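Here are my comments on the model, set out as numbered points. They begin with the charged pairs and then move on to the sheet, the core and the chain as a whole.

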Amino acid sequence: MALAQSPYSAITIVDDGSGGASVEVPLGEEFALDLQANPTTGYTWRCDLADPGRVRLKSRRFQPSAGGSPPRVGIGGTERFVFEAAAAGAERVHFEYRRGQTGEPARTYDLTVTVFP
């Protein structure tokens, strides 16, 4: 897990190719997760929040790594999810990288968030 400053949030978790990470966030603060993605191939990240009252998804956006906009087929990039820590406690946010609704995901990622007052 790598942390870096960002104009979008105080905490950014950067995908390092592992299956997940954990982070502690103060109540009311925003944090971001950057996951490697390539939507031009039909794959997208799906986010599952067990308790959307504790951690709220505020936005998501894809940023191509090269080639400008619109993204060219085969050019990957980063999908950024920005969340708000809305209530104290622990929450697991589960992500699946998949094409369509059926079949096995190509990749999963679990983010454990502890929100403290």
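1. In this predicted model, R60 is partly exposed, its relative accessible area being 38%. The side chain of R60 forms a salt bridge with E79, and the closest N and O atoms of the two lie 2.6 Å apart. Since E79 belongs to strand β7 and R60 to strand β6, the pair ties together parts that are 19 residues apart in sequence. E79, at 9% relative accessibility, falls below the 20% limit and therefore counts as buried, so that a buried acidic residue is joined here to a partly exposed basic one.

2. Strands β6 and β7 are linked by another pair, in which the side chains of E84 and R56 meet in a salt bridge at 3.8 Å, N to O. Here E84 lies in β7 and R56 in β6, so parts 28 residues apart in sequence are tied together. R56 has a relative accessible area of 40% and is thus partly exposed.

3. Where do R54 and E91 lie, and are they buried or exposed? Their side chains meet in a salt bridge with an N to O distance of 4.0 Å. R54 is located in the loop between β5 and β6 (55–64), whereas E91 is part of strand β8, so the pair ties together parts that are 37 residues apart in sequence. Both R54 and E91 are buried. They also belong, with D51, to a network of salt bridges. For the model as a whole, the count of salt bridges comes to nine.

4. Four strands make up an open sheet of mixed pairing, in the order β3-β9-β8-β5. Its edge strands, β3 and β5, each pair on one side only, and neighbouring strands of the sheet are turned against each other by 20° on average, direction ignored. At one edge, β3 runs parallel to β9 and is joined to it by seven bridges, and V25 has V115 in β9 as its bridge partner. At the other edge, β5 and β8 run antiparallel and are joined by six bridges; the partner of D48 in β8 is H94.

5. The two faces of β3 deserve a separate comment. In a regular strand, the side chains alternate between the two faces of the sheet. The covered face of β3 carries A21, V23 and V25, while G20, S22, E24 and P26 make up the uncovered one.

6. The largest nonpolar core has 22 residues, and those with the most contacts inside it are F31, F95, Y109, L111 and V113. At least two core residues come from each of β2 (11–14), β3 (20–26), β4 (30–37), β5 (44–49), β7 (77–85), β8 (89–98) and β9 (107–116). As a general tendency, nonpolar side chains in soluble globular proteins are buried together.

7. As for the chain as a whole, its secondary structure comes to zero helices and nine strands. Of its 117 residues, 33% are buried. Among contacts with a separation of 6 or more, 63% are between residues 24 or more positions apart. The chain exposes about 6,200 Å², of which carbon and sulfur atoms supply 52%.

Technical notes
Residues numbered from 1 in each chain as written. Predicted model: local features only at pLDDT ≥ 70, side-chain atom pairs only at ≥ 80, totals over all residues. Heavy atoms only, no water. Core = buried A, V, L, I, M, F, W, Y, C linked by side-chain atoms within 4.5 Å. Buried < 20%, exposed > 50% of the residue type's maximum accessible area, 1.4 Å probe, protein only. Pairing = 2+ DSSP bridges. Contact = heavy atoms within 4.5 Å. Areas by Shrake-Rupley, 256 points an atom, 1.4 Å probe, with all protein chains shown as cover. Axes fitted to C-alpha atoms, helices over the stretch in contact; angles between N-to-C directions.
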